[in-house]
Amino acid sequence: AMDADVKNESLSSVQQLGVEMTVRYGKYLNLLKEHAESGLCFVLINCEKFLKEQQRPVVSSLCCLRERYAGYDWFASSVFLIMSGDGEKTLTFLQRFSCLLVSAFLWLPRLHISMHLPITTVESGIHPVYFCSAHHIEMLLKAELPLVFSAFRLSGFTPSQICLQWITQCFWNYMDWSEICHYIAICIFLGPDYQIYMCISVFRHLQQDILKHTEA
């Protein structure tokens, strides 16, 4: 998008809050300098304009389908930090990355009401990550970690719900920054199925804690 167009756009309150958190985290990691906020805003608005070109108009009673992507773009923010706050590098990477299949699984806003999805999928309001990755996570969890799977069943809370939270947020607030970078790199180089293996390995790591909480 042209600079003039971008300056006329505005971020939602959720996005503004996300920008503040990202910049604070980036400074804590010594990855960002002063005035990084404007660079990140520029990236997010450009992403929104770019992705809008690949969205289809949908008539629906669902609020999430009538407006822009409801959440914050954690993946684009992660790339911004990886690029040490270089907005141009971030946009160049995202534009090339969007051509890869793995972008559908790592970058959730990428497929928001996208013309690349069947109309029935778009109208459901359910992101493909939920019925692809999260579905396979539950299947594997039942086979690999039956005790953890049973603990979730007893709690009345599904593993796919927490996994969707992890994936949407790129594991922010759950993993250290180096592990987040490893997660993104592994999925890009080895394929989107590693997103599933990563979630299973986290559940394996947390198994004893999950079982203790179940007993309590």
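In this predicted model, helix α5 (residues 74–82) and helix α12 (residues 177–190) pack at an angle of about 110°. The two helices are therefore roughly perpendicular to each other, since angles of 65 to 115 degrees fall in that class. Their axes lie 11 Å apart. The crossing of α5 past α12 is left-handed. On the α5 side, the contact is made by F75, S78, L81 and I82. On the α12 side, W177, C181 and I184 take part. By class, this contact has 6 nonpolar residues and 1 polar residue. Charged residues are absent from the contact of α5 with α12.

Helix α5 also meets helix α2 (residues 13–28). Here the axes come within 11 Å and cross at roughly 30°. That angle makes α2 roughly parallel to α5, because angles under 35 degrees count as such. The crossing of α2 past α5 is right-handed. From α2, the residues in contact are M21, T22, Y25 and G26. They meet W74, S77 and L81 of α5. The contact of α2 with α5 divides into 4 nonpolar and 3 polar residues, with no charged ones. L81 of α5 thus appears in the contact with α2 and in the contact with α12.

A third helix pair is formed by α9 (128–144) and α11 (159–168). These helices pack at an angle of about 125°, and their axes are 9 Å apart. That makes α9 oblique to α11. The angle lies outside the range of 65 to 115 for roughly perpendicular pairs, and it is not over 145, the limit for roughly antiparallel ones. The crossing of α9 past α11 is right-handed. Helix α9 contributes V129, Y130, S133, A134, I137, E138 and L141 to the contact. Helix α11 contributes P159, S160, C163, L164 and I167. By class, the contact of α9 with α11 has 9 nonpolar residues, 2 polar residues and 1 charged residue.

Helices α9 and α11 also take part in the lining of the largest pocket. This pocket holds about 470 Å³ of space. Its lining comprises 24 residues. Closest to the pocket centre are Y69, L108, H112, G125 and H127. Four helices each supply at least two lining residues: α4 (63–66), α8 (119–124), α9 and α11. The largest share, 4 residues, comes from α11. The lining of the largest pocket has 14 nonpolar and 10 polar residues. No charged residue belongs to this lining.

Enclosed space was examined as well. The count comes to 1 cavity of 30 Å³ or more. The largest cavity has a volume of about 30 Å³. Its lining consists of Y69, Y72, D73, W74, F75, L106, L108, P109 and T168. These residues divide into 7 nonpolar, 1 polar and 1 charged. The charged residue is D73 and the polar one is T168.

Several residues recur across these features. Y69 and L108 line the largest cavity, and both are listed among the residues closest to the centre of the largest pocket. W74 lines the cavity and also belongs to the contact of α5 with α2. F75 lines the cavity too, and F75 takes part in the contact of α5 with α12.

Key. Residues are numbered from 1 along each chain as its sequence is written. This is a predicted model: local features need pLDDT of at least 70, side-chain atom pairs count only at pLDDT 80 or more; totals for chains, interfaces and linings use all residues. Side-chain values use heavy atoms; hydrogens and water are left out. Axes are lines fitted to C-alpha atoms, for helices over the stretch in contact, and angles run from 0 to 180 degrees between N-to-C directions. A crossing is left-handed if the near helix is turned anticlockwise from the far one by less than a right angle, and right-handed if clockwise. Contact means heavy atoms within 4.5 Å. On a 1 Å grid over the protein atoms alone, a cavity is a set of points where a 1.4 Å probe fits but cannot get out, and a pocket is an open set with protein on both sides within 12 Å along at least five of seven lines; lining residues have an atom within 4 Å of a point. Grid points are joined across faces, edges and corners, and a volume is the space filled by probe spheres set on the points.
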